[in-house]
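Q: Please take a close look at the paired strands in this model. Describe how they are built and what surrounds them.

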Amino acid sequence: MKCLVCGKVIDTASADSKTGETAFGAKEVDPAKGTRQFHDGEWYYFDTLACRTKFMVAPQRYLTGKA
Ligand SMILES: [Zn+2]
């Protein structure tokens, strides 16, 4: 799985374990371990909170070809 924003490869297992307790993205994660965001019926993974924030501000910008 790659970061949708910058293309960096993410350890999704770590991202899942860090965010498993919340249904709509994690508020408290280790930014070095990756994170994810639930958007439009799917989980999207990001390597950092900064990348996730960029996605949340303008998701359509990173989802060209879908919707
Ligand atoms: Zn990224």
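A: A residue is called buried if 20 or more other C-beta atoms lie within 10 Å of its own, and exposed if 12 or fewer do. In this predicted model, buried residues make up 25% of the 67 residues in the chain.

The setting comes before the strands. The chain holds 3 helices and 2 strands, and their order along the sequence is α-β-β-α-α. Of the contacts with a separation of 6 or more, 29% join residues that are 24 or more positions apart.

Now the strands themselves. Strand 1 covers residues 35-39, and it pairs with strand 2 in the antiparallel sense over 5 bridges. Two of the facing positions can be named. Arg36 has Tyr45 of strand 2 as its bridge partner, and His39 stands opposite Glu42, also in strand 2. The two strands form a hairpin with 2 residues between them, and there Asp40 takes a positive phi near 55°. In a regular strand, the side chains alternate between the two faces of the sheet.

Strand 2 also takes part in the largest nonpolar core. This core has 8 residues: Cys3, Leu4, Ile10, Tyr44, Tyr45, Phe46, Cys51 and Phe55. Strand 2 (42-46) and helix 2 (49-57) each supply at least two of these residues, and strand 2 gives the most, with 3 residues. Tyr45 therefore appears twice in this account, because it is the bridge partner of Arg36 and, as a buried nonpolar residue joined to others through C-beta atoms within 7 Å, a member of the core.

Helix 2 has another side to show. Ala50 is found in this helix, yet Ala50 is exposed, because 12 other C-beta atoms lie within 10 Å and a residue with 12 or fewer counts as exposed. Ala50 and Val5 are 45 residues apart in sequence, and their C-alpha atoms are 9.4 Å apart in space.

Last comes the matter of confidence. The average pLDDT of the chain is 76, and 69% of the residues score at least 70. Confidence is lowest in helix 1 (residues 12-19), with a mean of 67, and highest in helix 3 (residues 59-62), with 92. Where pLDDT is low, the predicted coordinates should not be read in detail.

Methods
Residues are numbered from 1 along each chain as its sequence is written. This is a predicted model: local features need pLDDT of at least 70, side-chain atom pairs count only at pLDDT 80 or more; totals for chains, interfaces and linings use all residues. Helices (H or I, at least four residues) and strands (E, at least two) are DSSP runs, numbered from the N terminus. Two residues are in contact if their C-beta atoms, placed from the backbone, lie within 7 Å. Two strands pair if DSSP finds at least two bridges between them. pLDDT is the predictor's confidence in each residue, from 0 to 100.
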